[in-house]
Amino acid sequence: MKKLLNLLTAVLCFVLLSCGSQEETTASTEEVTTAGGQEAVADDESQPDVVKVAVGSKDHTTLVAALKQAELVTSLSNAGPFTVFAPTNAAFDKVPKETLDALMTDEKKPDLQNILQYHVTTSSLRTEYFTDGQTLGMVNGDNITVSVKDGKITLNGTATIVATVPASNGIVHVIDGVLLPPAKK
Amino acid sequence: MKKRSLAILITSFGVLMSMYSCKPKNAGSAVSGDAASRAYVAPGKYDEFYNIVSGGFNGQMAVYGIPSGRLFRIIPVFSQFAESGYGYSEETKPMLNTSHGYVPWDDLHHIALSQTNGEHDGRWAFGNGNNTPRIARISLSTFRTEEIIEIPNSAGNHSSPFITENSEYVVAGTRFSVPTDDANGDVPINTYKQNFKGTISMIAIDPKSGKMSIDFQIKLPGVNFDLARAGKGKSKDWFFFSCYNSEQANTLLEVNASAKDKDFIMAINWKKAQEYARAGKGKKVAVKYAHNVLDEGTHTATSTIMNEVLVLDPKDCPDMVYMMPCPKSPHGCDTDPSGEYIVGSGKLAATIPVFSFTKILNAIANKTYDGSYDGIPVLKYEAVLHGEVAKPGLGPLHTEFDDKGNAYTSFFVSSEIVKWSVKDLKVLDRVPTYYSIGHLSVPGGPTAKPHGKYVIAYNKITKDRYLPTGPELTQSAQLYDISGDKMKLILDFPTTGEPHYAEAIPASLIMKNSKKFYKIEENNHPYVAKGEKETKVVRQGNKVHVYMTAIRSHLTPDNIEGVRMGDEVYFHVTNLEQDWDVPHGFAIKGANNAEILVMPGETQTLMFKPDRVGIFPFYCTDFCSALHQEMSGYLRVSPAGSNVPLTFSTGTNMPKADSATTKR
C-alpha cells in the first residue's frame, strides 16, 4: 500500500511539474503614481473652478494658503457646485496674527478645516438667490444667517459680500470678514 | 477497509489528474511570461495608440487604447445610440436620413483614417454603411459623426471606405451588383448577367473641411466587389479591388460563386479616371441620394437629397481599368508600405498571390493580356505575379504590414496569424487566435509608415474565452507583440458589436486636437439660450418651444405651466457649462422618443408629446454634480382648450402664503 502511495505521489508530482512550463502571467510591478486630484488636471481651456478663481486673485493669497494647508483644494476642484465665501487678505488681517499662525500649524488643522468649511456650501448660490433672514447650511455642519438690506448682503452680521465671481463649478462671493463657526457645545 | 481506502485514493488521484493535466495547447498556453507588463498601462497613464474599431452589426465605431485594450468611447455612426441621443434628438435625426427615408440601424465594417503623404494625419475616420450604402466621416477632434453621404447605384457597400494616400478620395464599391438606379429594376432576378451592374464610387474629400462629394462613379460588370486598397508611393494613382462572383451567380452563391479557379483583383487608375471625368467623358445620371452634414456651429444636422451623379463607362475610357486573375474568391486586397506589392487573399485558396506593381505596369505597356472580362482587359496572371506564399494556412483573409518588410495575414479557417516576408514570400512565424480571426490591425499597418509594434486580432468566435453570458457573447480581440522575431500574445480583450476592420494610430496624432467643450459664444443653434436670462417658453400654434438651460445644479425654467393636450413640446436644452467633461442629460416622464445628453456649450432638442393631463417631472440624467438629484423640474399638462396661462420660472413659483399656512 505504501509503495502504491509513493508511486501515485511521484506520478502526481510529475504531472504537476510538467505543466509548470505554462508560464503564468505576472502582474507588473510598475509603480502606480498618484498625481493628485482634479486640481492636477491640465486644462487651460475650461472656465476656472472656484479654486482657480481664488488662486488667480492677489487679494486671496491667505485663503489659498489656508485651503492648501487644510487639504481642501482637491474637494473644491470637484464637480461641486459650490458657493465659496472668500475672505480677502484684508479680512484675514483682522484676525489676530497669532491665532492665524496657530491655525496654520498641523496640530490645528482640524480647526482650520472647520473654519474654512464654514465658508463653503454645496450649491451654486447667486446673489439674487439670497433673501433676508435666510439660513444656509455650510459644509462643516453649522449654519450661516443671511441678511439682505438695501441690496447689501451680510453674513452672520459680520461679513459683507463685496464682489462675486462665477466659476465653472460654482460661484465665489468675496467677503470682507472671516466667518467664525459657533463655539462647539 | 483497506480496499475502501485504496478506492478513495485512486478516485482522488483521478480527480487530481484531471485538475492538473495540461490544458489543450491552444487554450491560452501561448501567453508569454511578461505579457501582463507589456500590455499594462498604469492607472493615470495613457495608451500609446488609439484603436478605432468598426462595430459591425451595431453600426458604430469603438475607440480602444492599445496596448491596454481599454474601451474609451463608442461613436454612433449609422445607428441610433441611446447613450447620447444620436439619431433621436431633433438635431441628429437628419444624420440617418437616406433616399429610403430614416434608417435607424446599419452595419459598419471598415475604417479608413485620413492620410497625408501616405501617413496618418489624425484628422478624420471614415466608415462604411454596408447595408444601405453610405460613407460617414467622423471628426477625430470631437469623436462625432459629422457627415454621411449615401451612395447611389449601389447595394452592399462593402469594399469601402478605403482611402488614397493624400485623402483625395475614399472609395465605395458594390458588394451586391444591382440594376442601376436610372434603369428599370423590375426585372427577373435571374437576368443578373444582362441587367445587374457593379459600380465603384470615388468620393472626393475636401482637404480643409473634409466634406465629401461623389466626384464620379465607374460602371462595371456585375460582380461582387469585396475589399480595396489604394496604392501608395509609386502606385499612388491606382486603386485595387478584390472581386468575387465573377461567375455572376444570383442564387446559392456559396456554391455558384465558387465555381471558377480564379476571380479578379481589379486595378483602377483613378488619376486617369479623374482626368476622364474632368474631360467630360462621363454621363450625368439621374439618381437620388442623401447628403447629411452636421454643423458644429448650430449643433444641427441637415439632410439634402441630391439628384445627379457623373458615371464613367470603361468602354469610353481606355487604359483606366484592368483585371488581374486571383485565385478563389479573393477577400482581402492589401498594398504593402512601398506600394510595390499587392496581396490578394483568396478565401478558398491554398496560396497567397502577391502582385508586383512594376510588373502590372509592364504587362499593361506590353499588352500581356489573357483575354478580357466584359470588355475589360485581363492581365496575364504570371506576368503580374511577384510570387505566391505557398501553404500559408487555411482561409486567408486580410494582410497588414510592419516597418521591417513583413506581412501579417489572418486565416479564418485555421484560426491564426501568419507572419511572412514580402520580399521572399517565406513564412516566418505563426500564432493561434482565439478563435477564427477576421480582420487584423497593425498600428499604421495600411499606411506607408507602419509602427510595427503590435498586431491586433479581431475574432469572429469567442466561445469559452470569457465568463459566459448566455447565448450572446462579446467578441474577442487579441493583442500580439510583434517587436521581436516571434509574435507573442500579450492581451485578450472584449469588444463591442462585431469588429471588422480597424486602424490604430499613435495617440500623439489625436489627443492634442481633442475638443474639451463647445464654446457657448460660438453656439448658433436657432433655439439656443446663451444664459438663463435668455430662457423662455414660446407657443406657436400647438408647438411649444422651451428655451431651456442646464448648469450645475438646476434647469431653467424648472416650472412650466400652460401646456395643453395636443401640444408638441420642444425642449431645446443648452448646457451652459464651459468645463471639460460636464455633460447634462434631459429626460421627461412618458417621452415616447428618447432622452438626450447635451455636451458643454451645446444645444440639443427633445420633442415631447404629452399623452395625458397631469404633472410631468423632468430631470438631468447625467450625474453632473453633488446636487444632481436636485436638478429637476415639473411640466404641467392641462386639457385641450384649457385657459391655464403659459408660464415658466425657476426659483420663484412659491406656494401662496395662505395655502402654506393652511397646510401647517
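I began with contacts in chain A of this predicted model. Among the contacts with a separation of 6 or more, 62% are between residues 24 or more positions apart. I then looked up burial: of the 185 residues in chain A, 28% are buried.

Next I noted the secondary structure. Chain A holds 7 helices and 7 strands. Along the sequence their pattern reads α-α-α-α-β-α-α-α-β-β-β-β-β-β.

I checked confidence for chain A. The average pLDDT is 86, and 81% of the residues score at least 70. Over residues 7-30 of chain A, pLDDT stays under 50. For that stretch I found 25 contacts beyond four places in sequence in the model. Where pLDDT is low, predicted coordinates should not be read in detail, so I leave those contacts at a count.

I turned to chain B and a sheet there. Its 4 strands form an open sheet, ordered β20-β21-β22-β25, with antiparallel pairing. Why do β20 and β25 of chain B each have one side without a neighbour in the sheet? Both β20 (330-335) and β25 (385-390) stand at the edges and have a single partner strand each, so one side of each stays without a neighbour. I noted an average turn of 20 degrees between neighbouring strands of this sheet, direction ignored.

I looked at one pair more closely. β20(B) is joined to β21 (residues 341-346) of chain B by 5 bridges, and the two run antiparallel. Within this pair, Cys333(B) stands opposite Gly344(B) in β21(B).

Last, I looked up what packs on the sheet. Helix α6 (residues 357-365) of chain B does, touching β21, β22 (351-356) and β25 of chain B. The direction of α6 makes about 65 degrees with that of β22(B).

Technical notes: Residues are numbered from 1 along each chain as its sequence is written. Chains are lettered from A and ligands numbered from 1 in the order in which they are written. This is a predicted model: local features need pLDDT of at least 70, side-chain atom pairs count only at pLDDT 80 or more; totals for chains, interfaces and linings use all residues. Two strands pair if DSSP finds at least two bridges between them. Axes are lines fitted to C-alpha atoms, for helices over the stretch in contact, and angles run from 0 to 180 degrees between N-to-C directions. Two residues are in contact if their C-beta atoms, placed from the backbone, lie within 7 Å. pLDDT is the predictor's confidence in each residue, from 0 to 100. A residue is buried if 20 or more other C-beta atoms lie within 10 Å of its own, exposed if 12 or fewer, and partly exposed in between; C-beta atoms are placed from the backbone.
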